[in-house]
Amino acid sequence: MNTHTEFQPAGRLNGIALSEIVQISERAAELRRQGVDVIALSTGEPDFPTPAHVVEAAHQAALAGQTRYTATAGTPNLRAAVAGQAGVGTEQVMISTGAKQVLANAFLATLNPGDEVIMAAPFWTSYADMVRLAGGVAVVLTCDAAQAFKLTPAQLEQAITPRTRWLLLNSPSNPTGAIYSEAELLALADVLSRHPHVWVISDEIYQHLSYVPFTPFAEALPKLADRVLTVNGVSKAFSMTGWRIGWAIGPLPLIKAMTAVQGQVTSGTCSVAQAAALAAVTGPQGLLADRLVELRSRRDMMVDGLNAAGLECPVPDGAFYVFPKCPEKMPSDPEFCRHLLDKAGVAVVPGRAFGMPGHLRLSFAYGLESLQQGLVRITRAVEAL
């Protein structure tokens with residue numbers, strides 16, 4: 001007699017799985033292991049190395065014995081460095097295992113069942129699932145290319161309800177690279193001023209990858225600072241994705257609540273990685289400008305190449321992604337992405353993963369040869385339709 005009880009996941013996992021970005025990246029890696037020539041333009045990971053002085057700082061920290069637990073909210077030196085750059089007190093900063101954990105901490109610390117989080121589509125693929133895992137409701141507002149992929153004040157005003165807890169903004173944006181100007185932020189703030197129960201999460205992880213002027217939300221709108229949580233880190237700008245260091249900057253009561261959550265999930269962040277992050281934010285910053293020049297060149301090449309191939313592609317203001325339209329001959333963006341992977345050996349991500357079907361996201365955080373060859377293959381694949 002079989003007494004085995006079949007595993008049943010928790011109800012909160014209904015509809016939640018590995019992100020489509022991860023699935024595509026893993027599929028591309030598996031094809032490579034099978035000997036298939038695949039060019040992956042699917043992940044948001046810079047090909048630049050972690051700066052040498054950052055690696056050396058981690059090495060020296062390990063040799064000095066900085067390998068034990070740290071305070072849950074982060075090492076004092078790193079918190080102070082981040083706070084100093086933001087012009088806030090050290091106690092208003094919390095260090096986490098990547099910006100992703102910052103967001104998860106915030107939602108778990110603030111959302112009650114049914115609380116709403118407004119977000120503009122296209123949005124980073126994990127946002128909505130993190131809200132759902134915390135018991136909240138993702139209120140997704142479509143912001144298409146006609147409005148430069150950005151939320152309008154009218155949309156925000158109409159979406160706010162008594163259950164709205166957060167407005168979640170991402171500027172520069174993943175996947176579109178859109179950046180809110182200071183005037184656009186002020187227009188959104190005018191709406192928020194009439195709804196004091198709505199707080200703002202400003203995800204600024206791509207801050208240093210801006211090709212047009214960028215103004216942090218809290219800096220542009222100091223009157224709202226007491227209900228703004230800024231999310232940032234070293235992953236993208238300093239090529240430190242694997243070091244897993246992000247941080248939160250916000251009002252003290254919120255930071256304390258998020259720290260309580262983190263204390264029961266991971267406790268303090270990796271001590272050696274925090275030493276590396278400290279070296280990144282306090283060390284030479286010239287490499288950021290140098291890398292931005294290179295990324296701008298890649299951006300322009302990708303935009304020109306995709307438009308020449310017949311894929312309508314706007315010029316992104318920041319980050320290292322392009323978000324072109326799919327060919328009209330294809331019935332859906334996932335089908336076109338499968339076509340590119342199976343027929344052309346190029347891995348990209350369908351817009352569906354970001355709440356915006358009919359588009360695809362390509363990363364240009366790769367070497368020039370991969371980008372050039374990828375464009376050749378994509379052009380041929382479009383011509384073959």
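Hi everyone, let me start in a loop: Pro 172 sits between β5 (164-170) and α7 (182-192). Helices here are DSSP runs of H or I with at least four residues, strands are runs of E with at least two, and both are numbered from the N terminus. The peptide bond leading from Ser 171 into Pro 172 is cis, with omega near -5°.

Before going on, a word on what we are looking at. This is a predicted model, where local features need pLDDT of at least 70 and side-chain atom pairs count only at pLDDT 80 or more, while totals for chains, interfaces and linings use all residues. Residues are numbered from 1 along each chain as its sequence is written, and side-chain values use heavy atoms, with hydrogens and water left out.

Back to the prolines, then. Pro 122 also follows a cis peptide bond, this one coming from Ala 121 with omega near 10°. Its loop runs between β3 (116-121) and α5 (126-133).

That brings us to α5 itself. Six of its eight residues are buried, so α5 is largely enclosed by the rest of the structure. By buried I mean under 20% relative accessible area; exposed is over 50%, and partly exposed is in between, with a 1.4 Å probe and protein chains only. Which residues of α5 are buried? They are Ser 126, Tyr 127, Ala 128, Asp 129, Met 130 and Val 131. The cover over them includes α4 (99-110), β3, β4, β5 and β6. After the helix comes Gly 135, which has a positive phi near 90°.

Positive phi turns up at two non-glycine residues as well. Ala 148 is one, at about 60°, and Phe 149 is another, also at about 60°. Ala 148 lies in the loop between β4 (137-142) and α6 (153-159), and Phe 149 is found in the loop between β4 and α6 too. Are they buried or exposed? Ala 148 counts as partly exposed because its relative accessibility is 37%, whereas Phe 149, at 9%, counts as buried. If you want a distance to check in your viewer, the C-alpha atoms of Ala 148 and Ile 179 are 9.2 Å apart, with the two positions 31 residues apart in sequence numbering.

One more loop residue: Thr 215, between β6 (199-203) and α8 (217-220). Thr 215 is buried, with a relative accessible area of 18%. What does Thr 215 touch, leaving aside its neighbours within four places in sequence? Its contacts are Glu 182, Leu 185 and Ala 220, where contact means heavy atoms within 4.5 Å.

Now for a small sheet. Three strands, in the order β9-β12-β11, make up an open sheet with antiparallel pairing. The edges are β9 (321-322) and β11 (349-350), each with a single partner strand, so one side of each has no neighbour in the sheet. Two strands count as paired if DSSP finds at least two bridges between them. β11 pairs with β12 (residues 360-363) over two bridges, in the antiparallel sense, and Pro 350 has Leu 360 of β12 as its bridge partner. On the other side, β9 and β12 are also antiparallel and joined by two bridges, with Tyr 321 standing opposite Ser 363 in β12.

How do the side chains of β12 point? In a regular strand, side chains alternate between the two faces of the sheet. In β12, Leu 360 and Leu 362 point one way, Arg 361 and Ser 363 point the other way, and all are buried.

Let me finish with the whole protein. It has 13 helices and twelve strands, and 55% of its 385 residues count as buried. The C-alpha trace spans about 70 × 60 × 55 Å along the principal axes. The radius of gyration is 21 Å, which agrees with the value near 21 Å for a compact globule of 385 residues. That radius is taken over C-alpha atoms, and the globule rule is 2.2 Å times the number of residues to the power 0.38. Among contacts with a separation of 6 or more, 73% come from residues 24 or more positions apart.

And the surface? About 17,000 Å² is exposed, with carbon and sulfur atoms supplying 54% of it; these areas come from the Shrake-Rupley method with a 1.4 Å probe, and for residues only the protein chains shown count as cover.
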